[in-house]
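Visitor: I am new to this structure and would be grateful for a guided introduction. May we look at it together, one topic at a time?

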Amino acid sequence: MLTRKIKLWDINAHITCRLCSGYLIDATTVTECLHTFCRSCLVKYLEENNTCPTCRIVIHQSHPLQYIGHDRTMQDIVYKLVPGLQEAEMRKQREFYHKLGMEVPGDIKGEACSAKQHLDPRNGETKADDSSNKETAEEKQEEDNDYHRSDEQVSICLECNSSKLRGLKRKWIRCSAQATVLHLKKFIAKKLNLSSFNELDILCNEEILGKDHTLKFVVVTRWRFKKAPLLLHYRPKMDLL
Ligand SMILES: [Zn+2]
Ligand SMILES: [Zn+2]
């Protein structure tokens with residue numbers, strides 16, 4: 001199996017907050033331009049401003065706070081990529097509540113990381129259609145009930161750009177932003193009756209996408225046309241051409 005190692009250094013710019021220069025905490029994205037900041041940094045900034053700190057577009061003349069949103073997928077990515085960050089943040093928050101003598105909210109009591117279920121590069125291989133491994137019955141049931149329909153969704157157009165492969169009958173799909181490139185490869189391989197998803201590359205802006213990237217990550221880092229559906233191309237792997 002081919003794995004591509006990515007240095008944390010190379011993606012730091014995508015997972016840090018421009019306002020505090022730290023890793024994103026409580027990642028919050030401006031809906032208009034998709035720039036992401038820590039929630040507390042952005043809210044504080046928007047008390048005095050109505051523009052995006054990165055690109056300066058006017059978010060909203062009078063109510064910019066209504067046009068920002070919690071970005072769970074982004075936060076999951078950050079926690080997944082930066083070892084120890086989530087534990088440290090949870091500890092800080094618990095200490096904060098303890099100091100004030102307040103009850104600790106349920107979601108920061110435990111160390112549970114929702115990212116684990118979706119974005120684990122080490123088991124991405126088996127994750128897409130094989131639910132028989134490590135998951136507990138409970139987690140599995142939760143997934144069975146919901147199929148990630150309540151996740152943030154992305155619209156994608158899957159276009160074939162090789163004469164060696166067929167196009168898809170239905171090339172427009174909508175799926176969870178937490179799905180990975182590997183999921184798409186498996187989906188296409190199945191539709192085209194290929195013997196393995198490994199025969200495919202998926203590209204965005206002519207760059208091959210790593211199989212462990214989530215679609216959210218692809219949209220945020222590779223896709224400039226924020227409101228348009230994500231246009232992806234697939235073709236046989238180069239060495240198979
Ligand atoms: Zn910040
Ligand atoms: Zn912006």
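**Metal sites, cores and sheet**

Visitor: At what distance do the protein donors of the zinc ion (ligand 1) lie from it?
Guide: Donors are N, O and S atoms within 2.8 Å of the metal (3.2 Å for Na, K and Ca), and water is not among the atoms, so sites may look incomplete. The protein donors of this zinc ion are the SG atoms of Cys-17, Cys-20, Cys-38 and Cys-41, and they lie at 2.3 Å.

Visitor: On what basis should these values be read, given that the model is predicted?
Guide: Residues are numbered from 1 along each chain as its sequence is written, and chains are lettered from A and ligands numbered from 1 in the order in which they are written. Side-chain values use heavy atoms, with hydrogens and water left out, and in this predicted model totals for chains, interfaces and linings use all residues, whereas side-chain atom pairs count only at pLDDT 80 or more and local features need pLDDT of at least 70.

Visitor: Which arrangement do the four donor atoms around the zinc ion (ligand 1) make?
Guide: Four donors count as tetrahedral if all angles lie between 85 and 135 degrees. Around the zinc ion (ligand 1) the angles are 105 to 114°, and therefore the arrangement is tetrahedral.

Visitor: What spacing do the donors of the zinc ion (ligand 2) follow along the chain?
Guide: The protein donors here are Cys-33 (SG), His-35 (ND1), Cys-52 (SG) and Cys-55 (SG), lying 1.9 to 2.4 Å from the ion. The site is tetrahedral, with angles of 102 to 117° among its four donor atoms. Along the chain the spacing is C-x1-H-x16-C-x2-C.

Visitor: Is Cys-55 buried or partly exposed?
Guide: Buried means under 20% relative accessible area, exposed over 50%, and partly exposed in between (1.4 Å probe, protein chains only). Cys-33, at 12% relative accessibility, counts as buried. Cys-55 has 30% relative accessibility, so this residue counts as partly exposed.

Visitor: How many helices and strands does the chain have?
Guide: Helices (H or I, at least four residues) and strands (E, at least two) are DSSP runs, numbered from the N terminus. By that count the chain has ten helices and eight strands.

Visitor: Which element gives the most to the largest nonpolar core?
Guide: A nonpolar core is a set of buried Ala, Val, Leu, Ile, Met, Phe, Trp, Tyr and Cys residues joined through side-chain atoms within 4.5 Å. The largest has 27 residues, and Ile-156, Leu-158 and Ile-188 are among those with the most contacts inside it. The element that gives the most to this core, with five residues, is H9.

Visitor: Which strands stand at the edges of the open sheet?
Guide: Two strands pair if DSSP finds at least two bridges between them. The open sheet has five strands in the order E5-E4-E8-E6-E7, with mixed pairing. Two strands have a single partner each, so one side of each is left without a neighbour in the sheet: E5 and E7 (207-208).

Visitor: At about what angle to E6 does H9 run?
Guide: Axes are lines fitted to C-alpha atoms, for helices over the stretch in contact (heavy atoms within 4.5 Å). Angles run from 0 to 180 degrees between N-to-C directions. H9 lies across E4, E5, E6 and E8, and its angle to E6 is about 125°.

Visitor: How many of the eight residues of helix H10 are buried?
Guide: Helix H10 spans residues 215-222 and is mostly covered. Its buried residues are Leu-215, Lys-216, Phe-217, Val-218, Val-219 and Arg-222. The number buried is six.

How values were computed. Tetrahedral: all angles 85-135°; square planar, octahedral: opposite > 155°, others 65-115°.
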